[in-house]
Amino acid sequence: DPQQIELTTTSKRKLRRFIVIDEVVDKLYGSKVREYFEKNNVQHKILALPTTEETKSMDLVLNILHEVQNFSLDRRTEPIIAIGGGVCLDIVGLAASLYRRRTPYIRVPTTLLSYVDASVGAKNGVNFLQCKNKLGGYTPPVASFLDRSFIQSIPRRHISNGLGEILKMALMKHKGLFDLLKNHGKYLLDTKFQSCNGLADHGDAALQTTRIAIETMLEELAPNLWEDDLDRLVDFGHLISPELEMRVLPSLMHGEAVNVDMAFMTYVAHARGLLDAEEKEQILQCMRGLELPVWHSGCSWALIQTALRERLKHSGGQPRMPLPTGLGVAEIFNDTSEETLERAYELWVRD
């Protein structure tokens, strides 16, 4: 908005920004962030915090809010900036939504998972009573700034973790994205999603993959931002994984738990006759190529039953189970029998 730019540049009041940054990201990029604000003559407070699934709590939200209050932040003109992975963006989003009922905030994702997932949509939250994201709300950021150069410093396992959420969108909505992952998965892991010149065999696979993943995610989320409609394809991989992830912390990362869930649901789709044996095998081979787990010993039959019972409580009494009906196409089912689920589980364990 030209008027806003003019007001900002002509205002005698010094620009002020409150930044929450993950402590690991701060060690890697904190000096650059500070240099940026200093060069632009912005008064700033940088709060570096440990933002992990284990620390994702209301205590950390209140810690942030104490610091925001001390900074005397103007909620109309001074957005809070969150720089970090999905946990950091979730925590800061909730803190911003609570301060003065709603303070604008900006997301700067630094992991592949948060780049394609947490950067999109309105949800924020924290874990509560050993339940994932049990407390939270729907407050979208005023902006998400996407910069893939952050991804080059994260470990390979974290990149694989983000590929789990990208694969989710591929299996639900986009055969072309599935083919990109199948054909270029190892290359994307090796190059850490950086755009590399002179590798014609791969084109710009990193840009294509992330762009399609975000576009398909937006297609699903934008018309249903507040989840008024509970039939959501983006819930694929999220029926059993919340229970599994919290039960086995910290042995599985979020995208890995999602992939274990998707692997089981691939067997459910096969047991129902929605996928043939070749399609099932293609999906599992793609998962292995992306270095994602297709099984975890913590995912017992008892845990699956518990997770699906929890699902019924929070989805209007229906399982609303997204399942692939081919590669890149899917539907939501409410009529999968316990017998089918058990048969799928036995095949999954056997394989």
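**Helix H2**

I started with the inward side of H2, where the buried residues are Val 25, Asp 26, Tyr 29, Gly 30, Val 33 and Phe 37. Note to self: this is a predicted model. Next I looked up what those buried H2 residues pack against, and found strand E1 (16-22), strand E2 (43-49) and strand E3 (80-84).

Then I checked the length. H2 covers residues 23-39, 17 residues in total, and spans 22 Å from its first C-alpha to its last. The expected figure at 1.5 Å a residue is 24 Å, and the helix comes out close to that. There is a bend to record all the same: H2 has a kink of about 70°, centred on Tyr 29. I had already listed Tyr 29 among the buried residues of this helix.

I looked at both ends too. At the N-terminal end Asp 22 acts as the cap, with a side-chain oxygen 2.9 Å from the backbone nitrogen of Val 24. Just after H2, I found Asn 41 with a positive phi of about 55°.

**Domains**

I pulled up the domain assignment, which gives domain 1 as 14-152 and domain 2 as 155-224 + 232-350. Taken over C-alpha atoms, I get 27 Å between the two centres. For the contacts across, I have 20 residues of domain 1 touching 28 residues of domain 2.

**Cores**

Which residues touch the most other members of the largest nonpolar core? I found Leu 167 and Phe 264, in a core of 72 residues. Helix H10 (residues 254-271) supplies the largest share of this core, 11 residues. I also asked myself why this core lies between the domains. It does so because domain 1 (14-152) and domain 2 (155-224 + 232-350) both give residues to it.

I followed Phe 264 a bit further. Leaving aside neighbours within four places in sequence, I see Phe 264 in contact with Ile 240, Ile 304, Leu 341, Ala 344, Tyr 345 and Trp 348. Apart from this core I noted another one, of 25 residues, with Val 20, Val 68, Val 92 and Tyr 99 among them.

**The loop between H8 and H9**

I looked up two acidic residues here. Glu 227 sits in the loop between helix H8 (205-221) and helix H9 (241-248). Is Glu 227 buried or exposed? Its relative accessible area is 17%, so I put Glu 227 down as buried, under the 20% cut-off. Its side chain makes a polar contact of 3.2 Å with the side chain of Tyr 138. Beyond four places in sequence, I have Glu 227 in contact with Lys 123, Tyr 138 and Arg 232.

Asp 231 is found in the loop between H8 and H9 as well. With a relative accessible area of 35%, Asp 231 is partly exposed. Not counting residues up to four places away, Asp 231 touches Arg 320 and Ile 332. With Arg 320 I found a side-chain polar contact of 2.9 Å. I also took the C-alpha distance from Asp 231 to Gln 318: 9.6 Å in space, for 87 residues apart in sequence.

**Gln 69**

Last stop: Gln 69, in helix H3 (residues 58-71). At 47% relative accessibility I count Gln 69 as partly exposed. From Gln 69 to Arg 320 I get 42 Å between C-alpha atoms, with their positions 251 residues apart along the chain.

Notes. Residues numbered from 1 in each chain as written. Predicted model: local features only at pLDDT ≥ 70, side-chain atom pairs only at ≥ 80, totals over all residues. Heavy atoms only, no water. Helix = DSSP H or I, 4+ residues; strand = E, 2+ residues; numbered from the N terminus. Buried < 20%, exposed > 50% of the residue type's maximum accessible area, 1.4 Å probe, protein only. Polar contact = N/O pair within 3.5 Å; in protein donor to acceptor, adjacent residues only side chain to side chain. Contact = heavy atoms within 4.5 Å. Core = buried A, V, L, I, M, F, W, Y, C linked by side-chain atoms within 4.5 Å. Domains from an automatic or database assignment. Expected span 1.5 Å × (residues − 1). Bend = angle between axes of the 7 residues up to and from the residue.
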